[in-house]
Amino acid sequence: MNIVYPLLNVLIALLAAPLMAGIINRVKAFFAGRKGPSLLQLYFDIGKLLRKGAVYSRTTGVFFRLGPPVGLAAVFMALFFIPWGAYPAVLFFPGDLVLFVYLLGTQRFFMILAALDTGSSFEGMGAGRDAQFSVLSEAVLFLCLAVMSAASGSVSLNGMLCSAGGKIWQVSPPVLIVVVFVLYIILLVENYRVPFDDPNTHLELTMIHEVMALDHGGADLAMINYASALKFWILAALPAGLLFPYALNPDFPGNALLFFGIIAATAVLTGIVESGMARLRLLKVPQLLTAAAALSLVALIFLAK
Amino acid sequence: MLDGILMLLVLLNLFSLGSTRISASIRVVAYQGAAIGLVPLFLRGKIPGTMLLGIVFVTLLVKAVLLPGFLRYAQKRVNVRREEKTFVGVSTSILCGVAALGVAFFISSRLPLPFATASPFIVPVALSVSLTGSFIIISRAQALSQVIGYLILENGIYLFGIALFLEQPLLVELGMLLDVFVGVFVMGITIFHINREFEHTDTSRLSGLADWLPEERSLE
Amino acid sequence: MFFLLDSLSAFFLVPLLVLSALSALYGWGYLRKGKGSESAGRQWFFFNILVAGMIAVLLAADSLMFLVCWEIMALSSFFLVVSRDEDKTARQAGFIYLGAAHIGTAVLLLMFALLSVPGVPSGFWNSAAFSASGVQISRAFLLTLGIFGFGMKAGFMPLHIWLPKAHPAAPSHVSALMSGIMIKTGIYGILRLFSVLGGGVDAWCGGALILAGICSGVIGMLLALGQRDSKRVLAYSSIENIGIICMGIGLAVYARVCGSTLVCLLALSGALLHLFNHAFFKGLLFMAAGAAAKSCGTRDPDALGGCAKALPVTSVSFFLGSAGASGIPLLNGFAGKFLIYLAAFCGLSLKGSGLLFPCVGVIAGLSLSGCLSLACFSGLSGVMFLGKPRGRQDVLSEYSTLMCAAMIAICAVCLFLTFAGPLFSFPLAGAAAIVFQSADFLVLPGLADRLVPLSLAAAAGYILAALGIVFRRVLLRRRTVSAVETWNCGYANPGGRMQYTAASFFYPLRKTFTFFNVRKNAVAVSKTAVFPAGYKGEAQSVPGIFKVFLSGISAKLEESLSRLRWLQQGRLHVYIMYIMAALLILLLWKIR
């Protein structure tokens with residue numbers, strides 16, 4: 001029974017991740033007074049794309065074709081290291097948080113190469129901006145993980161979010177609230193949401209992620225969209241793991257549903273933030289990320305006492 | 001709960017360092033004043049209940065309502081929207097704020113108090129608020145930003161005073177509030193006069209008043 | 001007894017031997033035809049002396065032998081750096097390199113003189129009997145001298161000035177060897193100094209190394225962005241990787257002082273493992289960059305582009321090297337960094353030790369420099385090899401099959417090292433035991449179980465990626481796949497010059513970190529009566545802070561030393577008189 005529940009949770013994540021994109025779009029439509037696309041729209045889109053052929057640019061070579069599969073493989077592997085509420089992760093070892101962050105970096109490396117392979121100035125622009133944001137966001141993510149590690153005394157994601165059994169909140173609640181807030185900012189940056197990037201526009205001046213996938217089509221675009229949905233789930237699972245009420249009985253099967261509910265609430269919150277805020281000027285993004293880094297440093301200084 | 005308020009004070013510090021809009025800074029001063037006004041409710045002191053409530057009420061009134069209101073009136077008269085010229089960039093200011101917090105923690109660990117305070121974080125946070133206030137005074141050029149920095153500095157000193165001298169509240173409170181009021185009053189008058197005379201309140205251009213300059217520097 | 005082989009020397013010797021063999025193979029193809037082939041005999045002479053000198057340095061057992069071989073190494077590499085002596089920049093680079101190397105050697109001479117003991121004419125270097133010999137010299141002074149002298153060779157900040165000039169000027173196989181092994185002999189010297197001093201090192205030393213490491217890692221990589229010479233980017237990346245190694249060593253020293261043996265072992269193993277892996281992926285990068293420069297005729301990334309299809313071996317090698325340099329789990333650059341991260345996180349999670357701030361500094365430094373190197377190398381390799389050609393390019397082909405063979409061999413070594421992490425556990429523990437002179441390291445739970453998950457993760461990554469590719473191929477089998485031009489918003493005449501260059505790719509990053517990357521734009525407009533005739537713009541990246549600091553100091557030094565100019569008469573008799581006077585004074589001093 002020990003391995004079945006975690007594997008079941010991974011299966012639920014694989015099936016339910018595209019639903020989160022649907023929830024976000026539905027919330028945005030609600031705020032805009034529209035009916036909006038169906039909740040299962042991303043499933044239909046992925047299915048439609050998988051049935052299509054492919055059109056490749058003549059300029060591209062091997063690396064354009066390598067980008068989507070390797071990216072999806074990396075994000076898929078990262079999924080196995082996240083614990084699910086009260087259940088431990090499928091795989092864990094000391095230091096797996098470093099591997100986790102670098103798997104996301106692998107996806108970014110191959111997506112940048114695929115973008116530069118097309119020889120298009122749009123995609124180069126998106127790749128350059130993505131590189132800029134990632135430098136700061138990865139540093140902030142590591143600082144957050146450092147705070148969580150110092151607070152929980154563990155060097156594995158499993159230990160930090162799950163096995164501590166809620167002990168982490170007894171250390172210092174205000175510090176962890178700040179950490180949850182910073183993790184949410186990282187979620188917004190890494191998933192290219194407002195205020196960092198607008199997933200709705202498809203003009204080269206306002207987008208970072210959408211423009212990197214401009215020349216992909218068919219099965220490649222399906223893989224990219226699915227990998228983005230998985231990435232949202234993974235990065236939402238980090239603050240969800242911190243916020244999960246561990247006081248509940250850990251054997252209760254509804255725990256998985258509760259965890260799913262927290263991630264869905266994160267999606268709803270993202271939809272509200274996207275409807276309420278405008279995209280930041282590109283010059284302001286590093287300032288916001290520096291502020292996030294400063295918040296994690298403040299949390300660390302408070303923990304050190 | 002007290003720790004939460006202290007963390008909120010630190011976050012407000014960072015926010016004031018990170019924004020160049022004057023109205024946002026005034027709002028930060030108001031929230032900080034409100035938070036500091038509520039701090040005495042969480043300290044365990046030997047004061048009877050009504051006196052404590054009176055102190056809290058007066059502090060909230062002055063720090064969170066009157067002074068920010070006066071600043072907003074001054075802002076409207078002078079018609080300054082944002083800080084055009086900071087000597088240090090925004091990101092660097094935020095990182096200096098974090099460094100100030102670290103320095104404050106270091107200083108407070110080296111200077112332990114002879115008696116125990118309600119929370120180990122009060123003294124470092126008070127020091128960091130004062131350091132942030134002085135940093136704002138040093139790094140901004142607008143006269144209104146200087147007043148805001150001065151108010152944040154006074155907030156820090158006031159927090160320090162509450163933590164230590166709660167036994168004799170009346171004297172401390174009166175001294176603090178009078179100090180602040182006089183400072184703001186004088187600065188307010190000065191700002192109006194500067195503005196009326198020169199049609200701007202950029203203090204970095206005050207050196208144009210000198211007859212004698214060490215080298216040739218043209219007035220822009 | 002002049003030479004001695006122990007675990008620490010062996011650990012450094014393995015990459016030296018493999019890399020020098022493969023770079024010799026590469027050099028054979030590089031020097032066979034074309035511009036450099038006239039001086040080939042001279043270059044091979046100095047190459048062989050360089051390799052012999054490096055081997056001897058790693059095996060030397062006493063101070064005099066070490067110093068002699070150190071000097072041989074420096075001189076032979078100097079001659080290799082100036083091998084293209086018709087090029088003015090190469091000559092300048094050589095002189096700066098020689099000056100820096102000799103400053104380091106002078107400091108090391110002083111240090112070895114202090115380490116010497118009456119009765120043993122050449123002093124101790126390789127044995128732990130130093131502490132028993134009763135030499136009463138302040139350990140702090142020795143450590144300062146040692147770190148300065150060896151740091152001048154290793155090239156961490158602020159002693160790195162010569163690296164970005166010397167490494168691009170040398171021929172590519174020599175650059176590979178210099179970046180891969182020669183700067184590591186500086187690290188070897190520091191570790192050997194720790195072991196000679198009995199393994200007890202102070203905390204300030206660790207803190208200084210961590211600080212130097214963070215500065216080298218972050219600032220080194222920031223200066224690499226947007227350089228107009230691909231080998232210069234690789235040289236700055238070497239500075240960054242030396243910074244990572246210094247961070248690991250500094251954390252190990254600090255942890256040892258604070259009493260945590262586990263963190264010490266992990267950090268030192270991470271530093272050594274990264275050193276090993278860096279030798280290979282940096283060697284591969286230099287070789288591929290050199291091959292691309294030979295085939296395309298220029299080292300400027302903004303003039304290249306689109307060569308991946310014409311130069312398959314070179315481009316795949318460069319990409320594998322970039323993947324290693326970025327620290328991706330699929331290649332060998334990740335394992336060393338992983339161990340250092342693990343050490344820092346373990347130090348953080350141990351409550352109550354004094355390790356909090358060094359660990360946070362190491363984590364912040366590693367993450368910033370790692371991310372910057374990912375951005376830099378993905379951008380550089382993409383701009384150099386992918387997309388459309390930016391300039392006018394004739395038909396390209398690989399320069400020489402021997403160079404390709406060498407590059408393929410190093411690719412195979414890198415792939416092997418990705419999965420071979422657990423094999424290192426015993427050598428690393430042995431080396432750590434020698435550095436800190438304590439057998440505790442040999443009984444700790446092995447590093448093998450910490451590195452096995454990495455090999456498994458890399459294997460799983462390759463298998464999953466392959467599955468994804470196969471899945472897509474199966475899907476597309478029954479569908480139409482066509483080829484068109486890249487979408488460019490309907491523009492009628494797309495060309496290679498419309499795509500992003502390296503300068504534009506790195507522009508957002510450089511704007512975020514403007515403090516370190518002063519960009520000088522020189523504009524010259526020729527004036528005419530009514531309409532301006534010409535416009536010339538030039539942009540270059542100038543590392544600002546060091547220039548200001550160092551030029552100020554050097555100006556002061558020059559001014560004060562110019563008063564001694566009268567000593568240089570230029571006549572032989574006067575110099576002989578100086579030598580005789582110095583000898584006479586020393587003799588009189590000795591017999592007083």
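I started at Thr132(B), which sits in helix α5 (residues 122–139) of chain B; helices here are DSSP runs of H or I with at least four residues, strands are E runs of at least two, and both are numbered from the N terminus. This is a predicted model, where local features need pLDDT of at least 70 and side-chain atom pairs count only at pLDDT 80 or more, while totals for chains, interfaces and linings use all residues. Residues are numbered from 1 along each chain as written, chains are lettered from A in the order written, and side-chain values use heavy atoms, without hydrogens and water.

Back to Thr132(B). I noted it as buried, because its relative accessibility is 3% (buried is under 20%, exposed over 50%, partly exposed in between, with a 1.4 Å probe and protein chains only). Leaving out residues up to four places away in sequence, Thr132(B) touches Asn13(B), Ser16(B) and Leu17(B); contact means heavy atoms within 4.5 Å. The side chains of Thr132(B) and Asn13(B) also share a polar contact of 3.4 Å (N or O atoms within 3.5 Å; within protein, one able to donate a hydrogen and the other to accept it, and neighbours in sequence counting only if both atoms are side-chain atoms).

Next I looked up salt bridges, meaning a side-chain nitrogen of Lys or Arg within 4 Å of a carboxyl oxygen of Asp or Glu. Over all chains I get twelve.

Arg472(C) and Asp220(A) form one of 2.5 Å, N to O. Arg472(C) is in helix α17 (residues 448–476) of chain C and Asp220(A) in helix α10 of chain A, so this pair joins two chains. I found Arg472(C) buried at 7% relative accessible area and Asp220(A) buried at 1%.

Arg58(A) pairs with Glu485(C), closest N and O atoms 3.5 Å apart. Both residues lie in loops, one in chain A and the other in chain C, so the pair joins two chains. Glu485(C) is partly exposed at 40%.

Within chain A, Glu190(A) and Lys231(A) meet at 3.8 Å, N to O. Glu190(A) is in helix α8 (residues 173–190) and Lys231(A) in helix α10 (residues 219–243), so the pair ties together parts 41 residues apart in sequence. Both are buried. They belong to a salt-bridge network with Arg108(A), Asp130(A) and Glu138(A).

What is the count of salt bridges between chain B and chain A? I got zero. Still, 18 residues of chain B are in contact with 14 of chain A.

Last, chain C: I counted 20 helices and three strands, and 57% of its 592 residues are buried.
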